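Here is a walk through one protein chain, from its strand pairing to its packing and a couple of odd backbone angles. Have the structure open as you read.

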Amino acid sequence: MSGPLIDQVIQRIKEASKSYYRLVLIVGLAGSGKTNVIKEVSTLASVPLINLNLELSRQMLDLTERKRILQLPRIVSEIVDKTQGELVLFDNIELFFDVNLKHDPLCLLQGLSRNKTIASTWNGLITDGHLTYAVSGHPEYRRYAVRDFLTVSVE
């Protein structure tokens with residue numbers, strides 16, 4: 001099952017390298033296989049896979065809530081800058097959606113993807129041309145039109 005998905009992700013990464021926002025989202029619900037797909041891409045491309053929740057938690061642990069809000073973009077930018085090469089792979093990005101951080105997760109990813117190609121898992125669905133995260137009514141719910149980034153659905 002994942003062989004064609006891996007090929008599709010690799011193809012989207014190649015396509016993204018020519019775009020303004022060099023962003024590829026691997027979209028699916030929890031347990032759908034997103035992590036397995038991006039791990040395989042990591043192995044094939046010889047690029048490290050970054051557990052973003054873990055890295056952010058380490059760096060923001062001692063910060064006040066206000067400093068977390070202010071420094072989130074800088075911290076994530078530094079994580080990306082430390083990565084060798086033109087491709088950065090993210091998994092576990094749920095911390096981006098914390099309403100207390102007061103940032104738009106997709107905007108953060110798009111901003112990061114201006115200088116390097118970013119491929120990231122995204123826990124959600126694509127329906128009717130829209131990307132969602134969480135369910136309507138949930139505090140972390142997000143809904144975006146699918147444009148200015150590429151997607152691969154594992155559903």
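## Around strand β4

Let's begin at a hairpin: β4 and strand β5 (residues 130–133) pair in the antiparallel sense, with 4 bridges. This is a predicted model, so keep that in mind throughout. T127 stands opposite H130 in β5. Between β4 and β5 the hairpin leaves 2 residues, and D128 in that turn has a positive phi of about 50°.

β4 has parallel partners too. Strand β1 (residues 23–28) runs parallel to β4 (residues 117–127), and 6 bridges hold the pairing. Among the residues involved, V27 has W122 as its bridge partner in β4. Strand β3 (residues 87–91) is also parallel to β4, joined by 4 bridges, and here V88 finds its bridge partner in I118. To get from β3 to β4, the chain passes through helix α5 (residues 105–112), making a right-handed β-α-β crossover.

Here are the pairings of β4 side by side:

| Partner of β4 | Sense | Bridges |
|---|---|---|
| β1 (residues 23–28) | parallel | 6 |
| β3 (residues 87–91) | parallel | 4 |
| β5 (residues 130–133) | antiparallel | 4 |

## The crossover helix

How much of α5 is buried? Mostly covered is the short version, with 6 of its 8 residues buried: P105, L106, L108, L109, Q110 and L112. These buried residues pack against β1, α4 (65–82), β3, β4 and β6 (142–145). At the start of the helix, a side-chain oxygen of D104 comes to within 3.0 Å of the backbone nitrogen of L106.

L109 is worth a click. Setting aside neighbours within four places in sequence, its contacts are L23, L25, F90, I93, F96, I118 and W122.

## Two cores

L109 also turns up among the residues with the most contacts inside the largest nonpolar core, together with L25, L56, F90, F96 and W122. That core has 29 residues. Two or more residues each come from β1, α3 (52–60), α4, β3, α5, β4 and β5, and α4 gives the most, with 5 residues. Apart from this core lies another one of 16 residues, including I26, V37, I38 and V41.

## Two loop residues with positive phi

Now for the backbone. S46 is not a glycine, yet its phi is positive, about 55°. You'll find S46 in the loop between α2 (34–45) and β2 (49–51). Is S46 buried or exposed? S46 counts as exposed because its relative accessibility is 66%, and the cut-off for exposed is over 50%.

K102, another residue other than glycine, has a positive phi near 55°. K102 sits in the loop between β3 and α5, and K102 is exposed, with a relative accessible area of 63%.

## The whole chain

Zooming out, the protein chain has 5 helices and 7 strands, running α-β-α-β-α-α-β-α-β-β-β-β from the N terminus. Its radius of gyration is 15 Å, close to the 15 Å the globule rule gives for 155 residues, so the chain is as compact as a globular protein of that length. The C-alpha atoms fill a box of roughly 45 × 40 × 30 Å along the principal axes.

Buried residues account for 42% of the 155 residues. Of the contacts between residues at least 6 apart in sequence, 72% join residues at least 24 apart.

Methods:
Residues numbered from 1 in each chain as written. Predicted model: local features only at pLDDT ≥ 70, side-chain atom pairs only at ≥ 80, totals over all residues. Heavy atoms only, no water. Pairing = 2+ DSSP bridges. Right-handed = clockwise from strand over helix to strand, strands pointing away. Buried < 20%, exposed > 50% of the residue type's maximum accessible area, 1.4 Å probe, protein only. Contact = heavy atoms within 4.5 Å. Polar contact = N/O pair within 3.5 Å; in protein donor to acceptor, adjacent residues only side chain to side chain. Core = buried A, V, L, I, M, F, W, Y, C linked by side-chain atoms within 4.5 Å. Rg over C-alpha atoms; globule rule 2.2 N^0.38 Å.
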